[in-house]
Amino acid sequence: MESVNQTASVAEFILLGLSAHPKLEKTFFVLILLMYLVILLGNGVLILVTVSVSRLHTPMYFFLGNLSFLDICYTTSSVPLILDSFLTPRKTVPFSACAVQMFLSFAMGATECVLLGMMAFDRYVAICNPLRYPVVMSKAAYMPMAASSWAAGSAASMVQTSLAMRLPFCGNNIINHFTCEILAVLKLACADISINVISMGVTNVIFLGVPVLFIFVSYVFILTTILRIPSAEGRKKAFSTCSAHLTVVVVFYGTILFMYGKPKSKDPMGADKQELSDKLISLFYGVVTPMLNPIIYSLRNKDVKAAVRNLVSQKCFTQ
């Protein structure tokens with residue numbers, strides 16, 4: 001009962017964001033708002049194209065539509081809160097809203113990791129076993145694959161959010177972040193968080209390590225198969241079908257490695273600058289990757305590029 005009462009004593013959290021740098025807030029408000037609009041427009045167009053163009057009703061583009069919808073959900077779970085914090089002097093968020101935002105962000109991130117792995121498997125079957133592709137990647141197979149990605153990400157997020165929100169918070173409610181990022185929230189708990197840390201580590205291995213390994217092995221087989229194609233034109237055509245996905249994977253995981261793998265400064269004088277740098281990197285990670293995904297697929301995929309061009313021309317013609 002004592003733990004429950006302590007937790008209930010914190011009714012809201014205060015998000016620091018860029019409070020220490022008020023001059024930057026207006027600039028970043030405009031910048032993040034523009035990027036968010038590009039995310040909504042770009043991913044919205046991709047969803048519209050993959051749904052409305054019949055020749056794109058294939059497993060690869062079905063997964064792409066899911067990825068675009070996921071990116072919209074991921075950014076919408078945090079960007080409006082970030083934009084509001086740039087304009088509001090007192091940047092508070094209710095305890096329950098913080099839990100919801102934490103759940104949605106974690107769920108979308110975990111789902112994207114699994115979904116990128118599913119997309120790698122799709123490309124592996126298409127290139128390494130093309131004759132079996134219609135059977136292996138039938139509608140009865142790829143739809144449950146996508147659904148399981150969402151279910152796995154949501155389940156993992158539910159576990160992590162529940163463990164975090166059950167912790168006692170004894171008055172310190174200042175989150176040194178733009179959003180209710182789970183690691184930042186755990187630092188405020190006035191109880192042992194070893195179970196949370198272990199659970200988070202296991203989850204990271206499952207949702208980061210396993211998909212990365214799976215994608216790596218898939219592309220080893222894919223590249224081996226492509227290099228065996230005798231003609232240069234054939235190799236180029238085969239590689240073009242997976243280059244967009246490979247680029248998205250490199251951007252997604254490369255950013256994560258840069259965020260969490262870069263060395264920490266040991267200079268106390270540079271602690272504030274490092275802290276600001278970490279915040280901005282985290283902020284841009286949440287919007288840059290979802291913004292780049294539709295751009296990458298539009299530029300590096302001929303079918304998507306042609307479909308978008310036809311859709312735009314039809315709209316212009318009807319007007």
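Q: Before we start, what do buried, exposed and partly exposed mean here?
A: Buried means under 20% relative accessible area, exposed means over 50%, and partly exposed is in between, with a 1.4 Å probe and protein chains only.

Q: And what sort of model is it, and which residues and atoms count?
A: This is a predicted model, in which local features need pLDDT of at least 70 and side-chain atom pairs count only at pLDDT 80 or more, while totals for chains, interfaces and linings use all residues. Residues are numbered from 1 along each chain as its sequence is written, and side-chain values use heavy atoms, with hydrogens and water left out.

Q: OK, how many residues are in the largest nonpolar core?
A: The largest nonpolar core (buried Ala, Val, Leu, Ile, Met, Phe, Trp, Tyr and Cys residues joined through side-chain atoms within 4.5 Å) has 71 residues, and those with the most contacts inside it are Phe13, Phe63, Phe169 and Ile175. Its largest share, 17 residues, comes from helix α5, residues 95-128, where helices are DSSP runs of H or I with at least four residues and strands are runs of E with at least two, numbered from the N terminus.

Q: Which residues are in the other core?
A: That core lies apart from the largest one and has 15 residues, including Ile39, Val79, Leu283 and Met291.

Q: Switching to rings, how many aromatic pairs are there?
A: A search of the whole structure finds eleven, where rings of Phe, Tyr and Trp (its six-membered ring) pair if their centres lie within 6.5 Å, and planes under 30 degrees apart count as stacked, over 60 as edge-to-face and the rest as tilted. One of these pairs is Phe95 with Phe169, edge-to-face at 6.2 Å centre to centre and 70° between the planes.

Q: What does that pair tie together?
A: Phe95 lies in helix α5 and Phe169 in the loop between α7 (139-165) and β3 (174-175), so the pair ties together parts that are 74 residues apart in sequence.

Q: Is Phe95 buried or exposed?
A: Phe95 is buried, with a relative accessible area of 17%, and Phe169 is buried too, with a value of 0%.

Q: Now Asn173, where does that one lie?
A: Asn173 lies in the loop between α7 and β3 and is buried, with a relative accessible area of 16%.

Q: What does the Asn173 side chain have 3.0 Å away?
A: A polar atom of the Asn173 side chain lies 3.0 Å from the backbone oxygen of Glu12.

Technical notes
Polar contact = N/O pair within 3.5 Å; in protein donor to acceptor, adjacent residues only side chain to side chain.
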